[in-house]
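I opened this entry to look up where the ligand sits and what surrounds it. My notes follow in the order in which I checked things.

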Amino acid sequence: MFQILTSLISLTVLTLVISLLYFYIFKKNNEKYISYWAFSWTMYTISLIFNIFLLKYSGLKLLIALKQVSDLFSSLFLLAGTYVFIDKKIPNYWIQFTLVNLIWIGLSVYYDLSFITITLLTSVFFSIIAVVTGSMLLKHWEMNILEKIIIVTIFFVWGFHKAYYQYIYPGFWNSPLGYMSEIILANILNFSILIIYLQKIRKELDESEKRFRLLAENAQDLIYLFRFKPSLIFEYVSPSSSSILGYTPNEFYDNPNFFEKLVHPDDKLLFNILKEPNASLSEPIVLRFLHKDGHYIWIEQHTTVIKDTDGSIIAIEGIIRNITDRKLVEQKMIQAEKSRQSLLANISHELRTPITSILGYVTAFIDGTISETDSKNNYLNLIYNKTLRLQHLVQDLFQLTQFESGRIAFNFSQISICELIDNIINKYKWDVKHAGINFDLENYSNNTDLDDNVIIDIERIDQVFSNLIFNAIKHTPKGGLISVSLEKKLKNNMEFVIIKIHDTGIGISRKDQKCIFNRFYRGKNANSLNLDGSGLGLTISREIIEFHKGEIWVESELEKGSAFYFTLPIFRQ
Ligand code: ADP
């Protein structure tokens, strides 16, 4: 008797420990079916406690009834957990069946019926549940044949034993063999279920790892897992590191501080946030990394922090996306917005000045401040010049906005360089002479290449000549020299004619040379001499030349003069 008691108590404690283990697993993984199974084994532990009492009060029918009820719920929870395990809802008839059992047990105790009668229906219930649970797991759980045989045998033997051993051992409340075999079978079952659970977890882990690898290996973004504990190490770096940063995953595995090495000096502070244990990393971080080629790329980094149970960060999972193209577009948009704003400011400034003067003169006419005929003529001349300037400005602006919006139409035609230059010279030589400046056409007469043709919009190229020649006239003192020369060059297998317009004027400072092609930019020289102009002529000339696939540039020295060059591609049939 003592022996039975001690073994029964130890096995009860073992069952209790196992049910607590289930609760622990449930707390960790929050899987519903584990909680059902935990309750199942708790109910089973309670049933075993009743068994212990039955050793002493073997005739107490209420104890038997309570034991049967605990067994009943233990089986129901086992079944319910198994349904959840296979992602199904437990059918209602099992609940109804349980209720019938409860009523049966209650009535049998109430009417003081025999032990056999009290336990009869629950015995049938247990055996059915054992068969159903066993077959469900068999159907839905991938096992090899040996595992199948073991699981089915355990379930069947346990179910039938539990259901019918009281009939095999009529005095079973005192039968050590009866107890022992039942508890041993129950615990074997318990362990089998744990193995089922572990297998499922392993399979899920394998599958999620496989999915992760597949995603990571094929992703265009760089995906990595960086561990802080137990030591700093890259646990995984996807192969796209080679295409994004130029470095292979192995180079990261070899050096846990690899990213730190690549980060742009100005972004170091931002990067350090990643290493802050308490930093909120819900927002992506945008910073620059050095590519193996030596250029910086913009990246956007999303990070997920992995913490252990006490809340400290053990690893971070990161996704790095190359956003260099996006950044460039953003920068261009910011630039475009800035230049739009400065254009508006410049336009209103440029227009306001002549309009204010014109208005002033006209007011003076109206209120009679200017009354003498001579002054009137002078002021009318001034108004005329200012209006002319205004007209030029509006024309230039209109043309420039058309260039910038790409809406300008070009009228191309073929012309020999010789004819082009003849036209130009005839057109402007009188203007130059009229300003008291000498004019020369270098290397023109003995240049044999002038029969070559160019395809150009003659009117627009004339506009470029006009801008450059009138600029030269404006900035060259009387008695100076303006010369035009031509040269042929080969660049990237393309033939070009280089046209040079040189003057011996005031020259342009180095600083101004960099800016004079910007719109509205007027050099210090022009401003200090109070020369007329809007700072749009060279901008428009550059647009026209670039439209002809040519280039325009300046070489100049202060007080010595300036040379403006532009190229036009030569046309060969
Ligand atoms: P604008 O002549 O209306 O001021 P441009 O765009 O034609 O505008 O020229 C921009 C600036 O370049 C001028 O303000 C002047 O400072 C400088 N520049 C252009 N051509 C010459 C030149 N031949 N000699 C000296 N400076 C020049």
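I began with the site itself, bearing in mind that this is a predicted model, and I found that the ligand takes up the space of the largest pocket. I then asked which elements give two or more residues to the shell around the ligand. They are α15 (458-475), α17 (524-528), α18 (537-547) and β12 (561-571), and of the elements I noted that α15 gives the most, with four residues.

Next I went through the shell residue by residue. There are 21 residues around the ligand, and those that come nearest are Asn471, Arg522, Asn525, Ser534 and Leu538. Sorted by class, I have eight nonpolar, 10 polar and three charged residues in the shell.

I then looked up the polar contacts made by oxygen atoms of the ligand, taking N or O pairs within 3.5 Å as the cut-off. For the side chain of Asn525, I read a distance of 2.7 Å between one of its N or O atoms and a ligand oxygen, and for the side chain of Lys474 the corresponding distance is 3.0 Å. At Ser534 the partner is a polar backbone atom, which lies 2.8 Å from an oxygen atom of the ligand. How much of the ligand does the protein bury? The ligand taken alone exposes 530 Å², and 97% of that is buried by the protein.

Last, I stepped back to the whole chain, for which I list 18 helices and 12 strands. I compared its radius of gyration, 48 Å, with the value near 25 Å that a compact globule of 573 residues would have. Along the principal axes, the C-alpha atoms of the protein chain fill a box of roughly 140 × 65 × 45 Å, and I entered these dimensions beside the radius.

Terms used
Residues numbered from 1 in each chain as written. Predicted model: local features only at pLDDT ≥ 70, side-chain atom pairs only at ≥ 80, totals over all residues. Heavy atoms only, no water. Near = heavy atom within 4 Å. Polar contact = N/O pair within 3.5 Å; in protein donor to acceptor, adjacent residues only side chain to side chain. Areas by Shrake-Rupley, 256 points an atom, 1.4 Å probe, with all protein chains shown as cover. 1 Å grid on protein atoms, 1.4 Å probe; cavity = no way out; pocket = protein on both sides within 12 Å on 5 of 7 lines; lining within 4 Å. Sits in = over half its atoms within 2 Å of the grid points. Nonpolar A, V, L, I, M, F, W, Y, C, P; charged D, E, K, R; others polar. Rg over C-alpha atoms; globule rule 2.2 N^0.38 Å.
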